[in-house]
Amino acid sequence: MDVFKSAQRLVLALLFFAFWAIATSVPLAARPSDRFSAPHAPHSAPVPAFPDLLRQAESGAAEAQFQVGLAYQLGLGVARDLAVARLWFERAAGQQHPRALAGLGFLRLLGQGGPQDLPGAEMALRQAGEAGEAAAWANLAELILEYRPAERSQAIAFLERAVADGAVNARYRLGRLLIEGRVVAADEARGIALLNEAAGQNHPYAEAYLASLILEGHTAAGSPQRGLELAQRAAESGLAEGSNELGLYHLRGLATPRDPAAAAARFRQAGEEGDGNGWYNLALLHESGVLGRADEVEARRAAILAAEAGSLQGANMAGRMLVRGEGGGRDYAAARPYLERAAQAGLGDAQNYLGLLLFNGWDGPADPAGAMDWWEKAVAQDHPGATNNYATYLASGQGRPADPEGARALIRKQAEKGYGPAQFRLGLWLEQGWRGTAKDLSAAVGWFRRAAESGHAGAAFKYASYLEAGEGVAENAAEARRWYRIGSERGNPDAQFQMARILFTGDGVPADPAEAESWLQRSARQGYPHALMILGEQHFRGDGRPADPALAWAYLRLAEEAGMSEGADGRRFVESRLGPAQRAMAIARFQQLAGQIRREREDE
């Protein structure tokens, strides 16, 4: 039987699975921390004569107790131990030591070295501020902004007091708030002035943040050369965010030659120093191939490290890679907490993938209603992939009362914005008259063309098949062949099969059996049944190759499992001619090919 027919168009039974959303690219960007003014010291500042200092602390000297606590907090000359640091701060704070009160308030605020204690943190920070430790007012302001945002005016008053009293960390924090226009009315000129004052006093967070502003094009913050110097200073001080900013300068070639390898080294350094954004940026480098080749294994590893270090974008990326099996096998259970964290923070990509996880029941019972809830949140952000998924199931009444008209409006809106999967979906609905959509083949073909031009591989195949058949559009065999090739190169197995047909038969082009064979193999590796059937026939007959009945049986069995009755007939015919040893070999070849097809699909 000749399986190579003229154009074959998929008749898609809409739609029993959720299409993958095309992941939107996230720019390399990572701003320095904006929560709480942590104490910071260079790595090269160990406490001298620590045994003598410890003896003084144990004898009751408040300053020595504070210094011992600081050494344990920052790991200066001793192993870092926040619980021990907190104990020494408590002892010094009992003697009303201002800096110890400030340090104790900070640890209580973040729950470091012991349980979080907001009332205790507020009391210690107020006492420290009243005792002249101006920096404590800045952290008290942060406490209010974080946990009592309705009192933001009081928080700003505390920041202003801290600035007036000379606190460098308050200059950084208030400057940042003024630039970003959050909590307080934007005032870029004053914000940059405050940041410059803080950077002039070697405040590493201010240096890193100014460097990030310059990188983003805020010319009032300084020249690119100054931005590079600020990033270098912040990195040299041991600040992880500074290392990350310096990596971005190397990556973008701003005031320094572009050097992705140097950027990767800085991102790694930032990650190892505790900045999740460094790991996230490194993951993006590995995934994009900027370092020479794409490496999904390393990208996935770095994304997980980013997520564990607190990066929301890293959590989103790790969840997506674990769901899709990028860089390793699929692991839905591991993906779920990452996606939930990022989705709850409002990231549309994470909301979309969490919806897929719930709808398909990949990590427990299917929950269409829960999936639609998350997709609806992403739709509110105009997330194209989530809109595509939400509209599909809204039309068919899964997880929501059916609303085909509302679904079509959503799909059309995304299609008109140029989103390829929505254009393809709208074409399918018009082609088939699905759920009350008026059939309109000419309009359907027009949407397939637009989706193909937007990069959709399946649409390229559909458009090519209509061009070849001359249905819904004027027949144009040459243009059909061009779109079959485009669809093939984008990985569509139907288009790859058609390219094999064209090149085997020399249909409008010089025959090229070698290239035809390549496309046929690529289509078969994705489990396309007609390609599997053809290869089975060829291996049985020995067309262009030595006959191999065992391998032929394996291909025909795969075609049979893919739903081709002809494959079952062919498999039985070949099987009747195999001896026991050949049958065992045929089963082994089948298992090997089936595993390759699964891996190929995992990599899609």
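A polar contact here is a pair of N or O atoms within 3.5 Å, one able to donate a hydrogen and the other to accept it. With that in hand, let's work through this predicted model.

**Exercise 1. Find which residue caps the N-terminal end of helix 16, and describe what follows the helix.**

Solution. Start with the helix itself: helix 16 covers residues 312-324, 13 residues in total. Next, look at S311, where a side-chain oxygen lies 3.5 Å from the backbone nitrogen of Q313. S311 is therefore the N-terminal cap, as the pair meets the cut-off of within 3.5 Å. Finally, go to the other end: G325 follows helix 16 and has a positive phi, near 70°.

**Exercise 2. Compare the span of helix 16 with the expected one, then decide whether the helix is mostly covered or uncovered.**

Solution. From first C-alpha to last, helix 16 reaches 18 Å, close to the 18 Å expected at 1.5 Å a residue. Now check burial: eleven of the 13 residues are buried, so the helix is mostly covered, with buried meaning under 20% relative accessible area. Among the buried ones are N316, M317, R320 and R324.

**Exercise 3. Place M317 in the largest nonpolar core.**

Solution. This core has 132 residues, and M317 joins L195, W375 and W483 in touching the most other members. Helix 10 (residues 204-215) gives the most to this core, nine residues. Another core, of 48 residues, lies apart from it and includes L53 and V163.

**Exercise 4. Is G238 buried or exposed?**

Solution. First locate G238 in the loop between helix 11 (224-236) and helix 12 (240-252). G238 counts as buried because its relative accessibility is 9%.

Conventions:
Residues are numbered from 1 along each chain as its sequence is written. This is a predicted model: local features need pLDDT of at least 70, side-chain atom pairs count only at pLDDT 80 or more; totals for chains, interfaces and linings use all residues. Side-chain values use heavy atoms; hydrogens and water are left out. Helices (H or I, at least four residues) and strands (E, at least two) are DSSP runs, numbered from the N terminus. The expected span of a helix is 1.5 Å times one less than its number of residues. Buried means under 20% relative accessible area, exposed over 50%, partly exposed in between (1.4 Å probe, protein chains only). A nonpolar core is a set of buried Ala, Val, Leu, Ile, Met, Phe, Trp, Tyr and Cys residues joined through side-chain atoms within 4.5 Å.
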